Amino acid sequence: MTVSFRDSIALHANALSLREKRNEILASNIANAATPNFQARDFDFEAELARASGPAASQGSGVDATLGYRVPVNRSLDGNTVELSVEQMEFSENTLRYQTSLAFINRRISGLMTAIKGE
Amino acid sequence: MNDIKNVFDVGARAMSAQMVRINTVASNLANAGTVSGSADTAFRALRPVFETEFSNSSDSLATTDVSEIVMLDREPERLFRPDNPLADKDGFVYSAAVNTEEEMVEMTEASRQYQNTLEAMSTLRTLMARTVQMGS
């Protein structure tokens, strides 16, 4: 049985890459929390991960996500749709999940290293 | 202006925009008690105008920038102070049009937003540092 290193780790690599992109977008939203008329943006992580890992995705071209606009819970008068509480919650969850993916990759690598060294 | 290359540029610019806001608040508060001899020369509160700036290279990153600093269109209060050396011929002086409570709220909000951006940047920095050490 041959297990391709790339296949075994590709899902987590895609997830990590998408998580990073999402973190950047959320940080950008937080940075614009006081700018009038700014529209908060985000993307559907699960849909994008399914697309990036699916058969249609070209290998090695990196991930890109189609962005949508956040629908605010309460509209603000200046047209800004950033709600700090929502953005910070999404940001902290996304950070945690990034670290989870990273831990998975690290465990996979250290498992392979153990197998190589034969300790 | 340089292009926004990554999320750290976003943070740096957003924080400097908030810093401009805090500076204008400090200037407004410092001038809160001043009086002037005419309504035209009286101090009026300054306020930065924020504007979203989008990155050229990627469609997702956007940061905030101060496009201009405007004087608020408010009438200074007319006070009857005949003993003041600055008073006009009718004995009136014009005090700076600064609302101290409003400035305090503005300062708190700017400082909170500065902290939020800084916190997000420091989290991303930690994540990057951990990613660099992947596999070790």
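Start by selecting B:Phe80 and B:Phe92: they are bridge partners, with B:Phe92 sitting in strand S5 of chain B. This is a predicted model, where local features need pLDDT of at least 70, side-chain atom pairs count only at pLDDT 80 or more, and totals for chains, interfaces and linings use all residues. Residues count from 1 along each chain as written, chains are lettered from A and ligands numbered from 1 in written order, and side-chain values use heavy atoms, without hydrogens or water.

Now widen the selection to S4(B) and S5(B) (residues 92-95), an antiparallel pair joined by four bridges. (Strands are DSSP E runs of at least two residues, helices H or I runs of at least four; pairing takes at least two bridges.) Add S1 and you have an open antiparallel sheet, ordered S1-S5-S4. S1 (35-36) and S4 (77-80) are at the edges with a single partner strand each, so one side of each lacks a neighbour in the sheet.

Next, pick helix H1 of chain B, residues 7-30. Its 24 residues reach 35 Å from first C-alpha to last, close to the 34 Å expected at 1.5 Å a residue (that is, 1.5 Å times one less than the residue count). Zoom in on B:Asn6, which caps the N-terminal end: a side-chain oxygen lies 2.9 Å from the backbone nitrogen of B:Phe8. Buried residues in H1(B) include B:Val10, B:Ala14 and B:Arg21 (buried means under 20% relative accessible area with a 1.4 Å probe, protein chains only).

Last stop: residues 9-35 of chain B, which an unreviewed UniProt entry annotates as "domain: Flagellar basal body rod protein N-terminal". That span is 81% helix and 4% strand, with its end C-alpha atoms 41 Å apart.

Methods: Buried means under 20% relative accessible area, exposed over 50%, partly exposed in between (1.4 Å probe, protein chains only). A polar contact is a pair of N or O atoms within 3.5 Å; within protein, one must be able to donate a hydrogen and the other to accept it, and residues adjacent in sequence count only if both atoms are side-chain atoms. UniProt positions are given in the numbering used here, feature names are shortened, and annotations may be inferred rather than shown by experiment.
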